[in-house]
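Here's a set of short exercises to work through with the viewer open. Try each task yourself before you read the solution.

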Amino acid sequence: MSLNYTKVASLQEIHPGNMLKIKQPQQDILLANIDGKIYAIADQCSHEDASLYNGALKGDCVECPLHSSRFSFKTGEPLEPPATEAIRTYKVKIEGDEIFIAL
Ligand code: FES
């Protein structure tokens, strides 16, 4: 099955060590540039629906601003309680300086 990729940003918009929120009708998405590689996860904590964009990027994880659960940008898995469920990850494709994700 081929994936349907959508352009969401350009590489100039997200420097290493930073996050970028992408507004989408169904689910806002959070991009992170981790050591030059782009990752994408749902911008919604699995504990109480907080926006992770307001949290802190620490290594390859984002820390939720409400109760400090940390989620891996690579797997979506929570690494600290209280969250116990993974959040959705999205496949990322780079073409030139444009970032595409499979929605
Ligand atoms: S809302 Fe994210 S850890 Fe509670």
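A nonpolar core is a set of buried Ala, Val, Leu, Ile, Met, Phe, Trp, Tyr and Cys residues joined through side-chain atoms within 4.5 Å. Keep that handy for Exercise 2, and keep in mind that this is a predicted model.

**Exercise 1. Get an overview of the chain: which elements does it have, and how compact is it?**

Step 1: Count the elements. There are zero helices and ten strands, so, by the DSSP runs used here, reading from the N terminus gives β-β-β-β-β-β-β-β-β-β.

Step 2: Check the compactness. The radius of gyration is 13 Å, close to the 13 Å that the globule rule gives for 103 residues, so the chain is as compact as a globular protein of that length.

Step 3: Look at the extents. Along its principal axes, the C-alpha trace spans about 40 × 30 × 20 Å.

Step 4: Turn to the surface. The accessible surface comes to about 5,800 Å², and 44% of that belongs to carbon and sulfur atoms. Of the 103 residues, 40% count as buried.

**Exercise 2. Find the largest nonpolar core: which residues touch the most other members?**

Step 1: Pick out the well-connected members. This core has 15 residues, and Ile41, Leu52, Val62, Phe71 and Phe73 touch the most other members.

Step 2: Ask where the residues come from. S3 and strand S4 (37-42) are the elements that give two or more residues to this core. S3 gives the most, with three residues.

Step 3: Zoom in on valine 62. Leaving aside neighbours within four places in sequence, its contacts include Ile41, Leu52, Phe71 and Phe73. Met19, Ala56, Leu57, Ser69 and Arg70 are also in contact with valine 62.

Step 4: Look for another core. There's a second, separate one of 13 residues, with Val8, Ala9, Leu20 and Ile29 among them.

**Exercise 3. Trace the four-stranded sheet: in what order do its strands lie?**

Step 1: Write down the order. The open sheet runs S2-S3-S4-S8, with antiparallel pairing.

Step 2: Mark the edges. Strand S2 (19-22) and strand S8 (89-90) each pair on one side only.

Step 3: Follow one pairing. S2 and strand S3 (residues 29-34) run antiparallel, joined by four bridges. To place them against each other, find isoleucine 22, which stands opposite isoleucine 29 in S3.

**Exercise 4. Trace the three-stranded sheet: which strands are at its edges?**

Step 1: Start with the order, S1-S10-S9, in an open sheet with antiparallel pairing.

Step 2: Name the edges. They are strand S1 (5-10) and strand S9 (92-95), each pairing on one side only.

Step 3: Add the turn between strands. Neighbouring strands of this sheet are turned by 35 degrees against each other on average, direction ignored.

Step 4: Follow the pairing of S1 with strand S10 (residues 98-102), which is antiparallel and covers five bridges. One of the residues to look for is alanine 9, whose bridge partner in S10 is isoleucine 99.

**Exercise 5. Take a look at serine 10: is it buried or exposed?**

Step 1: Locate the residue. Serine 10 sits in strand S1.

Step 2: Apply the cut-off. Buried means under 20% relative accessible area. Serine 10 has 15%, so it is buried.

Step 3: See what's around it. Not counting residues up to four places away in sequence, serine 10 touches Asp97, Glu98 and Ile99.

Definitions and conventions: Residues numbered from 1 in each chain as written. Predicted model: local features only at pLDDT ≥ 70, side-chain atom pairs only at ≥ 80, totals over all residues. Heavy atoms only, no water. Pairing = 2+ DSSP bridges. Buried < 20%, exposed > 50% of the residue type's maximum accessible area, 1.4 Å probe, protein only. Contact = heavy atoms within 4.5 Å. Axes fitted to C-alpha atoms, helices over the stretch in contact; angles between N-to-C directions. Rg over C-alpha atoms; globule rule 2.2 N^0.38 Å. Areas by Shrake-Rupley, 256 points an atom, 1.4 Å probe, with all protein chains shown as cover.
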